[in-house]
Amino acid sequence: MGRLFWKLFLFIWLGQVAAIVGTGAFFWFEHQQSPMRADWPPPPPPQLGEHRPLPPEFDRSGRPHHPPPPDGNRPGGPLPIFPLIAGLIASLFCAAGVAWYFAKPIRHLRNAFATAAEGNLDTRVGSAMDGRRDELADLGEDFDRMTERLQALMAAQKRLLHDVSHEMRSPLARLQAAIGLARQQPGRLDDSLARIEREGERMNGLIGELLTLSRLEAGVSGPLEKLEVGELLAGIVEDARFEGAAGQVGVDFAASPGLFVQANPELLHRAIENVVRNGLRFSPAGTSLQIGAKLEADGLIHLHIADQGVGLPAAELEAIFTPFYRGRNLATGDGYGLGLAIARQVIATVNGKIAAKMKADGSPGLLIEIVLPAAD
Amino acid sequence: MAAVLLVDDDVELAEMLGDYLAQDGFVVTTLHDGLSGAEAALSGQYAIAVLDVMMPGLSGVEVLRRIRAVSAMPVLMLTAKGDDMDRIVGLELGADDYVPKPCQPRELAARLRAILRRSAPSAEPSSAPMVVGELCIRPEQRLAEWAGVAVELTSTEFNLLEVLARNAGRPVSKSDLSEQALGRALVRFDRSIDVHLSSIRHKLGTLPDGRSCIQTVYRQGYQLIRS
């Protein structure tokens, strides 16, 4: 039993004792004042819930046939010692019960917090709160929610760290292989050096993207400005047309004029560019990437970026926004695997949403929908 | 020269390693996914397979499992550095050795040569059959028999058992085992020898009193009991 139990117990018990003594003293005093009423039937027991065991004994004690007090100063009869003791004992149990009722769930919670603090986030208090429906049970539920969320976050962080080390390892492995080749075949030194340079740049790029992602996750979103969506998209589309031309991928673009959002221009540009690039990468030659923006009836700006590639199985639609996710049957490509994760974080900083969907008409390809709140 | 099958999903890396190994005198074929890798490995054209553990689709471990189901061909695994699980699982499934990635191509070539040298039938004159209790080892045929029944061993397992048999009745230290059977010095915290030996124990029968014929000698190594 913890200190809290003893405190609660003591306070409740002292309260009860005070009530018993007070009530007892009142009746005793009243009895003293009116000895004539001694033959009357006992008064109804006082309606105090906590003193259930008290009244009968107390009343019995007030009867007049008790021997007169030996002490002349106390003519009203003896002090009701026995009922007082009985009352005290009863209140002892009562106080212990109440104190235990409150202290127990708190002790459970405390233990749960202690284990969680030691790093064991598997702790749940829900089962210990069985049947309770009060603020303490709510607290337990909140605790469970908290540990669950922490666990998920930590698992995500761990996975990210694991993925990052793996991603860093691939360019490193190539770097080492290139160095080995340079040593083995000095005649092809230039070739090897170019490779080494490329891998170094790749690692630098990867680290840059990671830093961006971690800054975004920490909530650093840069200064916000009012931007015209059509203008922003037009710039991205121009680049995309240039890039797509090499792979014979066209870009269709249509945006309603006068759409404004409040966002950091650099980050939003990058987010949409990442999505567009991703679309280009998975567009087969001879197809086109459709980009559109309009204000829908819900008062939000909807951007659509749809490719005509192979699309994705429904189970992977959500997963593509996690860092380093790569479709199972796709070549690794030249991306870092962070583009869509960064896009999602950027869109989240402006209270927007990004989601991958299948096309409504069932045609092949992937549709990425970005919903942004319109600025006045 | 030895035909090497290199299976790694990293196209550029496989190309570079292939280039290096080719220059080093191996005949290299590179493949980039597990499925075709497993098929090619079982075609019987290759002296050794190098498998990357981390591959999308069919992982290197799964490819190894498929190879080991029918063949005892030498297999070298490329594992992620620091990932002990992959390493132990690979060895348990019968990989002959592993090289942590990123690796120096020079080291990869050296390991390949070591495995190939060991798995080649030995031409030494002293390769008469060795008999230790129920165990009979024929080095020239690279065959091991337990109570007259042939035991399927990978080449690394065979080498380890051969070293133990040559020293039957005496404990052999892990570093000696590593140098003589794996062809490389023992690295700290390297559990390869233990994993290989545990696999050999499972494949061999037990002594009449139920003990394994290979005993661990505390702080000294392993010993093949001469009964």
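In the hairpin formed by β4(A) and β5(A), where four residues lie between the strands, A:Gly299 adopts a positive phi near 80°. The structure is a predicted model, in which local features need pLDDT of at least 70 and side-chain atom pairs count only at pLDDT 80 or more, whereas totals for chains, interfaces and linings use all residues. Residues are numbered from 1 along each chain as its sequence is written, and chains are lettered from A and ligands numbered from 1 in the order in which they are written.

Strands β4 (residues 288-295) and β5 (residues 300-306) of chain A pair in the antiparallel sense over six bridges, with A:Ile305 in β5(A) as the bridge partner of A:Ile291; strands are DSSP runs of E with at least two residues, helices are runs of H or I with at least four, and both are numbered from the N terminus, while pairing requires at least two DSSP bridges. β5(A) also pairs in the antiparallel sense with strand β7 (residues 366-373) of chain A, over seven bridges, and A:Leu303 has A:Ile370 in β7(A) as its bridge partner.

The largest nonpolar core (buried Ala, Val, Leu, Ile, Met, Phe, Trp, Tyr and Cys residues joined through C-beta atoms within 7 Å) holds 44 residues, of which A:Val229, A:Leu233 and A:Ala271 touch the most other members. Its largest share, seven residues, comes from helix α7 (residues 265-281) of chain A. Burial requires 20 or more other C-beta atoms within 10 Å of a residue's own, exposed residues have 12 or fewer, and partly exposed ones fall in between, with C-beta atoms placed from the backbone.
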